[in-house]
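Biologist: I have the sequence and the model open side by side. Could you walk me through the fold with me asking as we go?

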Amino acid sequence: MPHDAYPDSLIREILKSVKRIALVGASGNEARPSWIVTKYLLDRGYDVIPVNPGLAGQTLLGKTVYGSLKDIPGAIDMVEIFRNSEAAGPITDEALTLDPLPKVIWMQLSVRNDEAAARAEAKGITVIMNRCPKIEYGRLSGEIGWQGINSRILSSKKPVLAGKGFQKLTIHRPGT
């Protein structure tokens, strides 16, 4: 698969189908992007499992932090890599030892490792690189427009609120 651009339909399908996400490189610092993304995805109903060897055994946003992917009990739908491009190789290799394999390996903004992507794709795993699931969710749901950012999506469909309380939109709309 070419990794310079991804169709919105692929990103939307991934974000609608995954439920359990291992976020490698999670931080306990509220100012760090990985903490912000963890909170955002948790608020959207995903089961986010933080992975950070330095914080293993602690809790982050109410979730137990694990030291590695292999320490996480149960199946993982998506591994999100919040580390640099070089570290993405060994993290991908660890993900390839899991049973069952994750459906998706997602490398965060500025993270790209084509060799690791090829190894994962050879095992049937979908790979997304240099993208942020928080940004993509916000763009596809329309939330990102609240910040004055052009989502590049035109629709006459009324946005659907994700639930009661804090106002947020969802990608789970009829017909999408």
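Biologist: How many bridges join β6 to strand β7, and in which sense do they run?

Modeller: This is a predicted model, and in it β6 and strand β7, residues 126-128, run parallel and are joined by 3 bridges. Within that pairing, Ile105 has Val127 of β7 as its bridge partner. To get from β6 to β7 the chain passes through helix α4, residues 114-122, and this β-α-β crossover is right-handed.

Biologist: And what does β6 pair with besides that, say with strand β5?

Modeller: Strand β5, residues 78-81, pairs with β6 in the parallel sense over 4 bridges, and Met78 has Val104 of β6 as its bridge partner. Here too there is a right-handed β-α-β unit, made by β5, helix α3 (residues 85-95) and β6.

Biologist: Are the faces of β6 covered or open?

Modeller: Both faces of β6, residues 104-107, are covered, with Val104 and Trp106 buried on one side and Ile105 and Met107 buried on the other.

Biologist: Let's zoom out then. What is the strand order in the sheet?

Modeller: The sheet is open and has 5 strands in the order β2-β1-β5-β6-β7, with parallel pairing. Its edge strands are β2 and β7, each of which pairs on one side only. On average, and ignoring direction, neighbouring strands of this sheet are turned by 20 degrees against each other.

Biologist: How is β1 tied to β5?

Modeller: Strand β1, residues 20-24, pairs with β5 in the parallel sense over 4 bridges, and Ile21 stands opposite Met78 in β5. Helix α3 packs on the sheet, where it touches β1, β5 and β6, and its direction makes about 165 degrees with that of β5.

Biologist: Which strands does α2 lie across?

Modeller: Helix α2 lies across β1, β2 and β5, and it runs at about 175 degrees to β1.

Biologist: Switching to α5, why call it largely enclosed?

Modeller: It is largely enclosed by the rest of the structure because 7 of its 9 residues are buried. The buried residues of α5 are Pro133, Glu136, Tyr137, Gly138, Arg139, Leu140 and Ser141, and what covers them includes α1 (8-17), α2, β5 and β6. The helix is followed by Gly142, whose phi is positive, near 100 degrees.

Biologist: Glu136 in that list catches my eye. Why does Glu136 count as buried?

Modeller: Glu136 counts as buried because its relative accessible area is 8%, where the cut-off for buried is under 20%. The residue is found in helix α5, residues 133-141, and, leaving aside residues up to four places away in sequence, Glu136 touches Ile11, Leu15, Trp106 and Arg131. One of those contacts, Trp106, is itself a buried residue of β6.

Biologist: Back to α2 for a moment. How do the axes of α2 and α5 cross?

Modeller: The two axes come within 9 Å and cross at roughly 45 degrees, which means that α2 is oblique to α5. At this contact, Ile36, Val37, Tyr40 and Leu41 in α2 meet Pro133, Lys134, Tyr137 and Gly138 in α5. Sorted by class, the contact between α2 and α5 has 6 nonpolar, 1 polar and 1 charged residues.

Biologist: Just past α2 I see Gly45. Is Gly45 buried or exposed?

Modeller: Gly45 counts as exposed because its relative accessibility is 63%, and the cut-off for exposed is over 50%. Gly45 is found in the loop between α2 (33-43) and β2 (47-51). The C-alpha atom of Gly45 is separated by 7.9 Å from that of Lys19, and the two residues lie 26 residues apart along the chain.

Biologist: Last topic, the chain as a whole. How many helices and strands does the chain have?

Modeller: The chain has 5 helices and 7 strands, and read along the sequence they follow the pattern α-β-α-β-β-β-β-α-β-α-β-α. Of the 176 residues in the chain, 45% are buried. Among contacts in the chain with a separation of 6 or more, residues 24 or more positions apart account for 59%.

Methods:
Residues numbered from 1 in each chain as written. Predicted model: local features only at pLDDT ≥ 70, side-chain atom pairs only at ≥ 80, totals over all residues. Heavy atoms only, no water. Helix = DSSP H or I, 4+ residues; strand = E, 2+ residues; numbered from the N terminus. Buried < 20%, exposed > 50% of the residue type's maximum accessible area, 1.4 Å probe, protein only. Contact = heavy atoms within 4.5 Å. Pairing = 2+ DSSP bridges. Right-handed = clockwise from strand over helix to strand, strands pointing away. Axes fitted to C-alpha atoms, helices over the stretch in contact; angles between N-to-C directions. Parallel < 35°, antiparallel > 145°, perpendicular 65-115°, else oblique. Nonpolar A, V, L, I, M, F, W, Y, C, P; charged D, E, K, R; others polar.
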